[in-house]
Structures are given as structure tokens and as C-alpha cells.
Amino acid sequence: MAMGRPRSFDTDKALDDAMEVFWRHGYDGASLAMLTKAMGIKPPSLYAAFGSKEGLLKAALDRYAQRRSEHMRYVLAGPTARDVAERFLFSIAESHTDPANPPGCLLVQGGLACGQGSENIPFELASRRALSETELRERFVQAQQDGDLADTADPAALARFLSTVASGMGVLASSGADRGALREVARVSLSAFPGRDEMRIVKP
């Protein structure tokens, strides 16, 4: 069987470049011309390597997931449920306003406006965001078993609350909110997060 021609570009760098285009412009706003220019390749090379524009997005999201996994390891290592919540929100305030990256979150910004032909993109991004929510829920279940959260607390609701706040912080950052504004959102949100003896979000 004949061997295919080896790729003549650095895949990781190309994905980082594509990620930034999707991050800044969203899926629909990122044209093929913009993507190939940023990646330094021709359209045939893009299709050969990733199959389609959607395939490229998924590969870029997998690359982005590597960053998120490092972030979540730090978050979930918090000694208490409240520490986990604090790490989660304040680290997001930092990362969403990091000048080394586009503002906001790729998993929010990438699918804010998707038209005909790309209706499934928001669902793809939502499924990726749900992974962090699942990890938070599992951590809060463990905290409940350890006695760090009361039996009346609802780990799923707490995880959903934090995930929703995080998505809102991403929208704010992409709209120009600075780090101080996001930290204020984090601080106020934490006032609604229950400590061991203060359960404001409870099971119905």
C-alpha cells in the first residue's frame, strides 16, 4: 500500500493558531481563508489533516481541553468544597483576562452565533463545558461524603450554579470586562455558595 505524503506543518502549532481564530471570531465567523492563513497552510492540507472545518474545530477543542484539564486538576485539589468553588471562579477570572489569550472562553465564544449548517456546534461546545460541571459535581459528592457539605446540599445544583456563573464570566470577558470586574463577580457568587454550616442551595 502506498504511503501518503507526510504532513509538512506542525500540527500542534497549526491547532493553536486555529484555536485562536475560532476563539476570537466564533465558528461561523472563522472563515476558511482566515483559518488557513493563520495556520500557514492551504485548504487541501486542512481537509487532508482534519476532514472539514468542523473536524478542525473538534481537534482544536481537544487541544484546548489539555489546558482545561490542568486547570481542573488545580481546582479539584482544593481541600474543601468552598475552596474548590473559590479556585474555580477566581482562576477563571484570571484565565479569561489573560493577555496571552483572546478574552473569554473558547467553549462559550466559539458558538455564540451559529447559523444554518452549523447548528450542532453549540451542542458540541456545551458537551465540552459539561465535563467540568460533571467533575465539580463528583467532587462535591465526595465533599458531602466527607462531611464537608451537609446532607441537605445538592452537589448537582452547586456544580450547575458554578458552571453557569463561569459561562457568564466568559461572556463578560469577551465583551471587554476586565479582571477586576470578573473577580467581583466571583466574590459575590461565592457569597451564595454554602459553607459546611450554611446551606442556601439545598435539595428540593
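This text walks through a predicted model of one protein chain, from the whole fold down to single residues.

Start with the overall plan. The protein chain has 9 helices and 0 strands. Read along the sequence, its pattern is α-α-α-α-α-α-α-α-α. The protein chain holds 204 residues, and 41% of them count as buried. Its accessible surface comes to about 10,800 Å². Carbon and sulfur atoms account for 53% of that surface.

How does the chain meet itself? Take the contacts between residues at least 6 apart in sequence. Of these, 67% join residues at least 24 apart.

Now look at one pair of helices. Two packed helices are described by the angle between their axes and the distance between the axes. Helix α4 covers residues 53-76, and helix α5 covers residues 81-95. The two pack at an angle of about 145°. Their axes lie 8 Å apart.

Which residues make this contact between α4 and α5? From α4 come His71, Met72, Tyr74, Val75 and Leu76. From α5 come Val84, Arg87, Phe88, Ser91 and Ile92. Sorted by class, the contact of α4 with α5 has 7 nonpolar, 2 polar and 1 charged residues.

Zoom in on the α4 side first. Histidine 71 lies in helix α4. Leave out residues up to four places away in sequence, and histidine 71 touches Phe88, Ser91 and Ile92. Take Ile92 as an example of distance. Histidine 71 and isoleucine 92 are 21 residues apart along the chain. Their C-alpha atoms are separated by 9.0 Å.

Cross over to the α5 side. Serine 91 has its place in helix α5. Is serine 91 buried or exposed? Its relative accessible area is 15%. Buried means under 20%, so serine 91 is buried. Again leaving out residues up to four places away in sequence, serine 91 touches His71, Tyr74, Val75 and Glu86.

Helix α4 also holds serine 69. Serine 69 has 31% relative accessibility. The partly exposed class lies between the 20% and 50% limits, so serine 69 counts as partly exposed. Leucine 131 is 62 residues away from serine 69 along the chain. In space, the C-alpha atoms of serine 69 and leucine 131 are separated by 9.9 Å.

Next comes the largest pocket. About 380 Å³ of space lies in it. There are 22 residues that line the largest pocket. Which of them are the closest to its centre? They are Tyr64, Arg68, His71, Ser95 and His96. His71 thus appears again: it is also one of the α4 residues that meet α5.

Several helices build the lining of the largest pocket. At least two residues each come from α4, α5, α7 (121-145) and α8 (155-174). Helix α4 gives the largest share, 5 residues. By class, the lining has 9 nonpolar, 8 polar and 5 charged residues.

Finally, move back towards the start of the chain. Helix α2 spans residues 32-39, and leucine 32 has its place there. Leucine 32 has 26% relative accessibility. That value is not under the 20% limit for buried, so leucine 32 counts as partly exposed. Which residues does leucine 32 touch, not counting those up to four places away in sequence? They are Pro43, Leu46 and Tyr47. Lysine 42 gives a distance to check on the model. Leucine 32 and lysine 42 are 10 residues apart in sequence. In space they are 9.6 Å apart, C-alpha to C-alpha.

Helix α3 covers residues 43-50, and phenylalanine 50 lies in it. Why does phenylalanine 50 count as buried? Its relative accessible area is 13%. The limit for buried is under 20%, so phenylalanine 50 is buried. Phenylalanine 50 touches Phe9, Thr11, Leu15, Met39, Gly55, Leu56 and Ala59, once residues up to four places away in sequence are set aside.

Methods: Residues are numbered from 1 along each chain as its sequence is written. This is a predicted model: local features need pLDDT of at least 70, side-chain atom pairs count only at pLDDT 80 or more; totals for chains, interfaces and linings use all residues. Side-chain values use heavy atoms; hydrogens and water are left out. Axes are lines fitted to C-alpha atoms, for helices over the stretch in contact, and angles run from 0 to 180 degrees between N-to-C directions. Helices (H or I, at least four residues) and strands (E, at least two) are DSSP runs, numbered from the N terminus. Contact means heavy atoms within 4.5 Å. Ala, Val, Leu, Ile, Met, Phe, Trp, Tyr, Cys and Pro count as nonpolar, Asp, Glu, Lys and Arg as charged, and the others, Gly among them, as polar. On a 1 Å grid over the protein atoms alone, a cavity is a set of points where a 1.4 Å probe fits but cannot get out, and a pocket is an open set with protein on both sides within 12 Å along at least five of seven lines; lining residues have an atom within 4 Å of a point. Grid points are joined across faces, edges and corners, and a volume is the space filled by probe spheres set on the points. Buried means under 20% relative accessible area, exposed over 50%, partly exposed in between (1.4 Å probe, protein chains only). Accessible areas come from the Shrake-Rupley method with a 1.4 Å probe; for residues, only the protein chains shown count as cover.
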